[in-house]
Amino acid sequence: MPSDKTRPTTPRTLIDFAQPHGDARRLRLGFGAPSRVLVARTAAKVRPVLDAVEALAREGRWCVGYLRYEAAAAFDRAFAVHAVHAEDGPLAWFGVHDEALPWPEAPGDDAAPSIDWQPGISRADFDRRMQAIHRAISDGELYQLNYTAALHARFDGDAQALFMALRQAQPDGYTAFIDTGEEQVLSVSPELFFDWRGDRILTRPMKGTAPRGATPAEDEALAQRLRTVPKERAENVMIVDLIRNDLSRV
């Protein structure tokens, strides 16, 4: 790690989070090169990394990082994940910072560049997997399932500029840009998984929401739809059950 005198002041990590407890101000900070990096490349090392992160955060350090989905096996061996390869990057990565930097000035052009995203699976594979999911639900093997598929694209521009453009397009959620030196992670999410302060824990999922209408009457109609349409009610029941289970584990 470079010394404080040689450490660059250009932020390599950015976070822009909505305040979960009603404060209109956002948590908008930048961070330079970390004074320490905590990395787990195997499932066995994930929880020790998180324990170290918690201890350092309690000492007053800023710890900013991420977990890959494939880190799930560190918490429950029953969770089936894709095989992890060295080129996929670490399962857990956290940079430790002694102080935050000012939020950088946004570039003049916040328009997101055009990126040609390509699906990671074929339509035939998608249809086959949907049929298998429907069978599993009908057979009682599953209660609910969040099915996702990766998209791939080539991007040759500036990743931080792309992040700023994505943030402009979705300004109200929780966004983060992390440049580890090995890879760059751009996260733009409307969801708060949980915020834990003292003896209170708060979660704000995306389910049970609807876009704003153009008028108060449209807002009320959309809210009424969430309360009365069977599909919306079923989704809300499922997400409440899922979150209750998640919070009990936390």
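Is Y66 buried or exposed? In this predicted model, Y66 is buried, because its relative accessible area is 11% and the cut-off for burial is under 20%. That residue is a handy way into the fold, and its aromatic partner comes up again further down.

First, the overall picture. The protein has 5 helices and 11 strands. Its C-alpha trace spans about 60 × 45 × 45 Å along the principal axes. Of the 250 residues, 25% are buried. As for how the chain meets itself, take the contacts with a separation of 6 or more: 63% of them are between residues 24 or more positions apart.

Now to the sheets. One of them is open and has 4 strands, lined up as β2-β1-β8-β9 with antiparallel pairing. The edges are taken by β2 (27-31) and β9 (184-189); each has a single partner strand, so one side of each goes without a neighbour in the sheet. On average, neighbouring strands here are turned by 5° against each other, direction ignored. Within this sheet, β1 (residues 13-17) and β2 are joined in the antiparallel sense by 5 bridges, and T13 has F31 of β2 as its bridge partner. A helix sits against this sheet too: α3 (residues 159-169) packs on it and touches β1, β2, β8 (174-179) and β9. The direction of α3 makes about 0° with that of β9, which means the two count as roughly parallel, the cut-off being under 35 degrees.

Another open sheet has 3 strands in the order β3-β5-β4, and its pairing is antiparallel as well. Here β3 (36-40) and β4 are the edge strands, each pairing on one side only. From one strand to the next, the twist averages 10°. Strands β3 and β5 share 5 bridges and run antiparallel; in that pairing, R36 is matched with V96 of β5. This sheet also has a helix packed on it, namely α1 (residues 46-58), which touches β3, β4 and β5. The direction of α1 makes about 155° with that of β3. Angles over 145 degrees count as roughly antiparallel, so α1 and β3 fall in that class.

Strands also pair up further along the chain. Strand β10 (residues 192-197) runs antiparallel to β11 (residues 200-204), and 4 bridges join them. One of the matched residues is W196, whose bridge partner in β11 is I201. Together β10 and β11 make a hairpin with 2 residues between the strands. In the turn, G198 has a positive phi of about 60°.

Back to the aromatic rings. A pair of this kind is described by the distance of the ring centres and the angle of the planes. Searching the whole structure turns up 5 aromatic pairs. One of them is made by F31 and W62, which are tilted, with 5.5 Å from centre to centre and 55° between the planes. Since F31 belongs to strand β2 and W62 to strand β4 (residues 62-67), the pair ties together parts that are 31 residues apart in sequence. The two residues can be set side by side in terms of accessibility: F31 counts as buried because its relative accessibility is 0%, while W62 is partly exposed at a relative accessible area of 33%. F31 is thus a residue with two roles in this account, since F31 is also the bridge partner of T13.

Y66 has its own aromatic partner in W93, and this pair is stacked, with 6.3 Å from centre to centre and 15° between the planes. The pair links distant parts of the chain: Y66 lies in strand β4 and W93 in strand β5 (residues 92-97), 27 residues apart. W93 is buried, with a relative accessible area of 5%, and Y66 is buried too, at 11%.

That leaves a pair of helices. The axes of α4 (residues 216-228) and α5 (residues 230-249) come within 5 Å and cross at roughly 70°. The two helices are therefore roughly perpendicular to each other. On the α4 side the contact is made by R225, L226, R227 and T228, and on the α5 side by P230, E232, R233 and N236. By character, the residues of this contact divide into 4 charged, 2 polar and 2 nonpolar.

Conventions: Residues numbered from 1 in each chain as written. Predicted model: local features only at pLDDT ≥ 70, side-chain atom pairs only at ≥ 80, totals over all residues. Heavy atoms only, no water. Pairing = 2+ DSSP bridges. Axes fitted to C-alpha atoms, helices over the stretch in contact; angles between N-to-C directions. Parallel < 35°, antiparallel > 145°, perpendicular 65-115°, else oblique. Contact = heavy atoms within 4.5 Å. Nonpolar A, V, L, I, M, F, W, Y, C, P; charged D, E, K, R; others polar. Phe/Tyr/Trp six-rings, centres within 6.5 Å; stacked < 30°, edge-to-face > 60°. Buried < 20%, exposed > 50% of the residue type's maximum accessible area, 1.4 Å probe, protein only.
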